[in-house]
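This briefing goes through the structure shown here topic by topic, from whole chains down to single helices and one residue. Please keep the sequence and the 3D view open while reading.

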Amino acid sequence: MAGRLGCLRFLSNTSSLLSKKSPVLNQTPVSTRCMHFNYVPDTPAREHGETTRMNLFQSITSALDIALAKDSSAVLFGEDVAFGGVFRCSVGLKEKYGSDRVFNSPLSEQGIVAFGIGVALTGATAIAEIQFADYIFPGFDQIRNEAAMYRYRSGNEFDCGKLTIRTPCSAVGHGSLYHSQSVEAFFAHCPGLKIVMPRGPIQAKGLLLSCIQDNNPCIFFEPKILYRSAIEEVPIGDYTLPLSKAEVILEGNDVTLIGWGTQVHVLREVAALAQQKFNVSCEVVDLCTILPWDRETVAQSVKKTGRVLISHEAPITMGFGAELAATIQQECFLHLEAPVERVCGHDTPFPHVFEAFYLPDKWRCIEAVKRLISY
Amino acid sequence: MILATFVSSLKRQSNSWVLGAIQGCHMSTAAQATHTVTPYKLHRLDNGPSTQITYTREEALKYYRQMRTIRVMETTAGNLYKAKIIRGFCHLYSGQEAIAVGMEASITPEDSIITAYRAHGWTYVRGVSVHSVLAELTGRKTGCAHGKGGSMHMYAKNFYGGNGIVGAQVPLGAGIALAHKYKGENNICIALYGDGAANQGQIFEAYNMAKLWDLPCIFVCENNGFGMGTSAERASACTTYYTRGDYVPGIWVDGMDVLAVKEATRFAKDYVLKHGPILIEAATYRYHGHSMSDPGTSYRTREEIQEVRQKRDPIGKFTDVIVNSNLVTKEEIKKIEDEIKKEVGDAAELSKSDPELPAEALYTHVYSNPPPGYKIRGCDDTISVLAK
């Protein structure tokens, strides 16, 4: 919990700070921050009505606003949440709904999670924020041993289904060891939880509203690099998108590329590159919900293409890709033309200066595509 | 009236000091002085540290130099971060210098320290050069963790870091103290955390075990008023942090006064070696935001920061104290400042030009003595190398 506070906000503040004279700055070329992908906006569904331009953090705010407005039992809390949150996801909500519904918690992740479970046990809607996914682990015991099991162990007498934990995750370009981790696989080992990771603002809003309404405890991972960089037309009204439903965002015939969160955008570029360089047609599948995941959509795609690449930022060993690969080989064995490929983070801690080498970027992915088509 | 007379006599003197400096002759008028500190507050203690502290000119020069070096180093680190030469996260210690410097002054290199992520100043007082701190921040080989840790992760002998998870270092500190006791060493561990971390559950687990086993551990709450963006009052049901160990005795000390911190630490070290753990709350302030991405002005006013800088600044106040007691001259202060500026400036240059880590450093230090033939599993076999 360390480093916290507004990873991306520095971008907007930097210019004014840079203008101050500094001997260090004057002698140093300013390196530019580069993202390892380009964001391609999604198109909003017509039935979801009027839209406006939002980035991902604004679409989260919009979802939270709707949830608080239509459910008087809903409360929103976490570290620094009342003044807008370090990623600005809750700006204006305390003013609108009052400090008894939108409030700061102490720096106490276990407390935040456990408090949320308690609130949800009574049937009220608890929306808790853990400031960075890297810092969720003091709350891991509560999530695994209380939240995930309450319903089962009480024979459905009690549950904390109205708990949603939001937390920013994944690489941001400079986050280093404790502001970059993708931790979804740890929680994917806990039956009873739902785990969701959106790829953009439209999806984030619809999936978050689904999580909040869903009667199971949900962990909603928000790829923090997308907070400001992902911008698109987002429906302003209330809408939900289905959980446990993967989405084919690009249809193709030769290779299936599966990812979630930020990595979907990398895979989209891989598909374009494969088409351009090798005339290979890739189908890109966004898993969207990691637990329980959509086996049918995945299997359908793999059966069509016979080749599959799974890619995620988390370390390869026991990453969620391992579960996908195992299931795919079982369900699609006779359809496979090549062994399932995984391109993931390495089995190291998330590195300080080697982020670019660690990430499963499009070049590593395209190498895997080459292996798949030449097997 | 007396003060005015004193100041005017200082002014007269300082004219002659300027002359002396020009002639290459530094004058100081006293070898030692006595300083009265803001009274301590005590919890479950009959007697506390002394409020009258006698200290020497050499000590004054040393503490001044250390505090000023940290300040300049942190300003430089901030600039390097804004220039995107420093990656990762970056938490500056400016405003809190008197705590690291005062505590280090009362312990030995064999005593242990473990702290949170605001670690640059502590790393420096534990003997790591400014260059090695800055090079760690820029991710160079010459950094104190070979560039692999960055801002939150700096280490030195008997300095256990530099820890990223809020509060997680505190039970570790109790464990280090247990090791000192078990090995029969006459040493202690200082485990530091902030007012924000004071609300983490594991802090209380650490208090309990330390008291249960009478461990030589000083728990130190560096209360800078804000846990990230939330003020102490809005995060803690009880803000008298020195009492929060309940059955662990506590001392409140003015953390902006290096001499008070030094004396409280001397008292505490003596105490924990005889009686088991103690808690020190050092009241301080951080000038910068929580991290570099926090401008630090959305939850407090600029005026508040300015007022602390003017009235409570640990370096400014200490400068006044040592100059007014004739231990050190203004010219000497100026000379030290110039030396520090140059030292830190040179270190910053080196930290930008020093060699970067080789790519295989990505794969090293994950395991010690891995099984034969073990490879760190990466997705690209061509860059996968043997673990070292």
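**Briefing on chains A and B**

In chain B, the C-alpha centres of domain 1 and domain 2 lie 37 Å apart. Domain 1 of chain B covers residues 29-357, and domain 2 of chain B covers residues 360-388. What follows describes a predicted model, which scores ipTM 0.80 and pTM 0.86.

**Confidence**

- Chain A has a mean pLDDT of 91, with 91% of its residues at 70 or more. Residues 1-32 of chain A, however, have a pLDDT below 50, although this stretch makes 71 contacts in the model beyond near neighbours in sequence.
- Chain B averages a pLDDT of 90, and 90% of its residues score at least 70. In chain B the pLDDT stays under 50 over residues 1-25, a stretch for which the model has 11 contacts beyond four places in sequence.
- Where pLDDT is low, the predicted coordinates should not be read in detail.

**Chain A as a whole**

- The secondary structure of chain A consists of 15 helices and 14 strands. Its radius of gyration is 21 Å, close to the 21 Å that the globule rule gives for 375 residues, so chain A is as compact as a globular protein of that length.
- Measured out along the principal axes, the C-alpha trace of chain A spans about 65 × 60 × 40 Å, and 58% of the 375 residues of chain A count as buried.
- Of the contacts in chain A with a separation of 6 or more, 81% are accounted for by residues 24 or more positions apart.
- An unreviewed UniProt entry places the feature "domain: Transketolase-like pyrimidine-binding" at residues 54-229 of chain A. Over these residues the chain is 38% helix and 16% strand, and the end C-alpha atoms of the span are 10 Å apart.

**Chain B as a whole**

- Chain B contains 12 helices and 10 strands. A compact globule of 388 residues would have a radius of gyration near 21 Å, and the 22 Å of chain B agrees with that expectation.
- Taken along the principal axes, the C-alpha atoms of chain B fill a box of roughly 80 × 50 × 45 Å, while 54% of the 388 residues of chain B count as buried.
- Among contacts in chain B between residues at least 6 apart in sequence, 74% join residues at least 24 apart.
- For residues 65-359 of chain B, UniProt lists "domain: Dehydrogenase E1 component" in an unreviewed entry. This span of chain B is 45% helix and 11% strand, and its end C-alpha atoms lie 38 Å apart.

**Helix H11 of chain A**

- Helix H11 of chain A (residues 263-278) has 16 residues and reaches 21 Å from its first C-alpha to its last, which is close to the 22 Å expected at 1.5 Å a residue.
- The buried residues of H11(A) include A:Val264, A:Leu267, A:Ala271 and A:Ala274, and among them are also A:His265 and A:Arg268.
- These buried residues of H11(A) pack against four strands of chain A, namely E9 (247-250), E10 (255-259), E11 (282-286) and E13 (308-315), as well as against helix H15 (362-373) of chain A.
- After H11(A) comes A:Asn279, which has a positive phi near 55 degrees.

**Helix H6 of chain B**

- The 14 residues of helix H6 of chain B (residues 169-182) should span 20 Å at 1.5 Å a residue, and the end C-alpha atoms are indeed 20 Å apart.
- Among the buried residues of H6(B) are B:Val170, B:Gly173, B:Ile176, B:Ala177, B:His180 and B:Lys181.
- The cover over the buried residues of H6(B) includes strands E4 (112-114), E5 (189-194) and E6 (217-223) of chain B, together with helix H7 (201-212) of chain B.
- Just after H6(B), B:Gly184 adopts a positive phi of about 75 degrees.

**B:Ser231**

- B:Ser231 lies in strand E8 of chain B (residues 230-231), and because B:Ser231 has 16 C-beta neighbours inside 10 Å, it counts as partly exposed.
- Leaving aside residues up to four places away in sequence, B:Ser231 touches B:Gly225, B:Phe226 and B:Tyr299.
- From B:Ser231 to B:Gly173 the separation is 58 residues in sequence and 26 Å in space, C-alpha to C-alpha, and B:Gly173 is one of the buried residues of H6(B).

Notes
Residues numbered from 1 in each chain as written. Chains lettered and ligands numbered in written order. Predicted model: local features only at pLDDT ≥ 70, side-chain atom pairs only at ≥ 80, totals over all residues. Domains from an automatic or database assignment. Helix = DSSP H or I, 4+ residues; strand = E, 2+ residues; numbered from the N terminus. Rg over C-alpha atoms; globule rule 2.2 N^0.38 Å. Buried ≥ 20, exposed ≤ 12 C-beta atoms within 10 Å, placed from the backbone. Contact = placed C-beta atoms within 7 Å. UniProt positions renumbered as here; feature names shortened; annotations may be inferred. Expected span 1.5 Å × (residues − 1). pLDDT = per-residue confidence, 0-100.
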